[in-house]
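Visitor: Please take me through one part of this structure slowly. I would like a close look at the salt bridges, with some sense of where they sit.

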Amino acid sequence: MTLGRTRSVALSGIEGAMVEVEADFAQGLPQFAVSGLPDAACKQSPDRIRAAASNSGVPVPHRRVTVNLSPASLPKAGSGFDLPIAVAVLAAAGALPGGVVEEVVHLGELALDGTVRPVRGVLPAVLAAARAGVREVVVPAANAAEAALVPDVRVHPVRCLAELVQRYVVLGRGGRPEEPEVVSVAEPALAPPPDLRDVVGQDEARLALEIAAAGGHHVFMVGPPGAGKTMLAERLPGLLPELEHDQALEVTAIQSVLGVLPGEGALVRRPPFVAPHHGASMPAIIGGGSGVIRPGAISQAHHGVLFLDEGPEFRTNVLQALRQPVEAGRVVVARASGVVTYPARFQLVMAANPCPCGLGFGKGADCSCTPMARRAYLGKIAGPVLDRVDLQLPVRAVTRAALAGEPGEPTAAVALRVAAARALQAQRLAGTPWRLNSHVPGSELRRGALRLPAAATSDLDRAIDRGLLTLRGYDRVLRLAWTLRDLAGGGSPTRQDVGLALTLRAHAAVAA
Ligand SMILES: Nc1ncnc2c1ncn2[C@@H]1O[C@H](COP(=O)(O)OP(=O)(O)O)[C@@H](O)[C@H]1O
Ligand SMILES: [Mg+2]
């Protein structure tokens, strides 16, 4: 036999596409080339495979071997094609029975001694394979637990090439090789999230956090340093319910692609909390990169919270680039090497000091900033972010009275109300693509079944008449009004709900 065939998966974003791997031996000078749009790492596969194969006792014959990865137009990135290429080549060489490997998907990198090394993105790759009808995958042993999260697929972990070859030889003879059992790993025990009970005072901010958690709204907090903004933001994920199964798979897939999956591949069930530093680069936050395209912090925060502390300190181009994902729930990264879409439906929490020196609160007597510097500071985030935020709240310095007062409600109590409000939304939005008030498009809120009577929206209509509100702002107030009503027990928002939503949206801009 001179032709060998097997299968693998190429990833674009967190979507996988099936790849057919073919190898053919021909007469001619010894050569080993890979065609079908391999990237730099994939092009070097032949060198690793030659060494790994000879160190595993199944050397690649010194003849002309051509490998094709099809569809040829699809970019193939990374070292994960080592294993499928090796299997196709060894099948073509007759070292493996070709029939038994054709329908199997292989993923894995080879070390020179034949060890199979873990690769990134195994979960999304196996998910794609299962969707394409594949029933059997071979993955590096270190990625087996992650692959086993996908139902209806048999997962064979491999530690080294020799072990895999041996298995196929036994299978080819009609024997039954010993199958190691893959057990899915339990989620690592996480430290409990920080509790709202620790926050002194800040009743308004606590309420805003509850509303944000209930409807999935974006929040902007402005206040002096040391008032508890960071503390409050860190307590938002604790108010959110556990991820549903399909959400958990998406979040785990992103972490798999990033190579940050904790606990050797357990399903991530808690909403992520991602807080990038303000000095972080565009690719680190939005996604991209010069060589391999990777998801950024906004995708890592998918179905969770993205916290941008000291918001105005972030680079202008990063803040500008946030606009599209904040609205669309996904990000499109275009590079010379291709266009990739990543999911990025995060809940944005941004915090800012009132001015560059941070002392411009209260009477502002100690503030050393010029009026222009103050305006420029918050002005930087005004356009790209503030109009897209549903809740703007001033966080004031803690007062002595608050310090002496009763401790606030614990996270668990607030989370119960959040869950009840979310259940009402799920009921109302059943059969639509949306789950939370913050996901519903404006047109649905203004026209469809969710349209409110004119009496309820009269204040809002007046604000738009006077040019105080953009249409985007109008829609955001409506979404917030629905959440306020859901927290108050359900039904249709009243004029009071809309009025409160309007205040919650706008008052930090005044305070600033
Ligand atoms: N409202 C508050 N309740 C309890 N502790 C607070 C509060 N505000 C500030 N602190 C204390 O001050 C520290 C700094 O607060 P932080 O949240 O970082 O403030 P900010 O982000 O507004 O600058 C916290 O770690 C906490 O110990
Ligand atoms: Mg802070």
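Guide: Here is a walk through the salt bridges, with a word on confidence before and a look at a sheet after.

This is a predicted model. Mean pLDDT for the chain is 90, and 96% of its residues reach 70 or more. Confidence peaks in strand β5 (residues 105-106), at 98, and is lowest in α15, at a mean of 73. Be careful with residues 508-512, where pLDDT stays under 50. The model gives that stretch 7 contacts beyond four places in sequence.

Now the salt bridges. Side chains of opposite charge can pair when their charged atoms come close. The whole structure holds 25 salt bridges.

Start with Asp486 and Arg428. They form a salt bridge, and their closest N and O atoms are 2.8 Å apart. Asp486 belongs to helix α19 (residues 471-487) and Arg428 to helix α16 (residues 411-428), so the bridge ties together parts 58 residues apart in sequence. Are the two partners buried or exposed? Asp486 counts as buried, because its relative accessibility is 3% and the cut-off for buried is under 20%. Arg428, at 26%, counts as partly exposed.

Next, take Arg396 and Glu204. Their side chains meet in a salt bridge at 3.4 Å, N to O. This pair links distant parts of the chain, 192 residues apart. Arg396 sits in the loop between β18 (391-394) and α15 (400-404), while Glu204 sits in helix α8 (residues 203-215). Glu204 is partly exposed, with a relative accessible area of 43%.

Glu409 and Arg417 make another salt bridge, with 2.8 Å between the closest N and O atoms. Glu409 is partly exposed, at 33% relative accessible area. Arg417 also counts as partly exposed, with a relative accessibility of 33%.

Some salt bridges join into a network. One such network links Glu327, Arg388, Asp390, Arg472 and Arg476.

Finally, the sheet. β18, which borders the loop of Arg396, is one of 5 strands in an open sheet. The order is β11-β14-β17-β10-β18, and the pairing is parallel. β11 (273-274) and β18 stand at the edges with a single partner strand each, so one side of each has no neighbour in the sheet. Further in, strand β10 (residues 219-222) pairs with strand β17 (residues 347-352) in the parallel sense, over 4 bridges. There, Val219 stands opposite Val349 in β17.

Conventions:
Residues numbered from 1 in each chain as written. Chains lettered and ligands numbered in written order. Predicted model: local features only at pLDDT ≥ 70, side-chain atom pairs only at ≥ 80, totals over all residues. Heavy atoms only, no water. Salt bridge = Lys/Arg side-chain N within 4 Å of Asp/Glu carboxyl O. Helix = DSSP H or I, 4+ residues; strand = E, 2+ residues; numbered from the N terminus. Buried < 20%, exposed > 50% of the residue type's maximum accessible area, 1.4 Å probe, protein only. pLDDT = per-residue confidence, 0-100. Contact = heavy atoms within 4.5 Å. Pairing = 2+ DSSP bridges.
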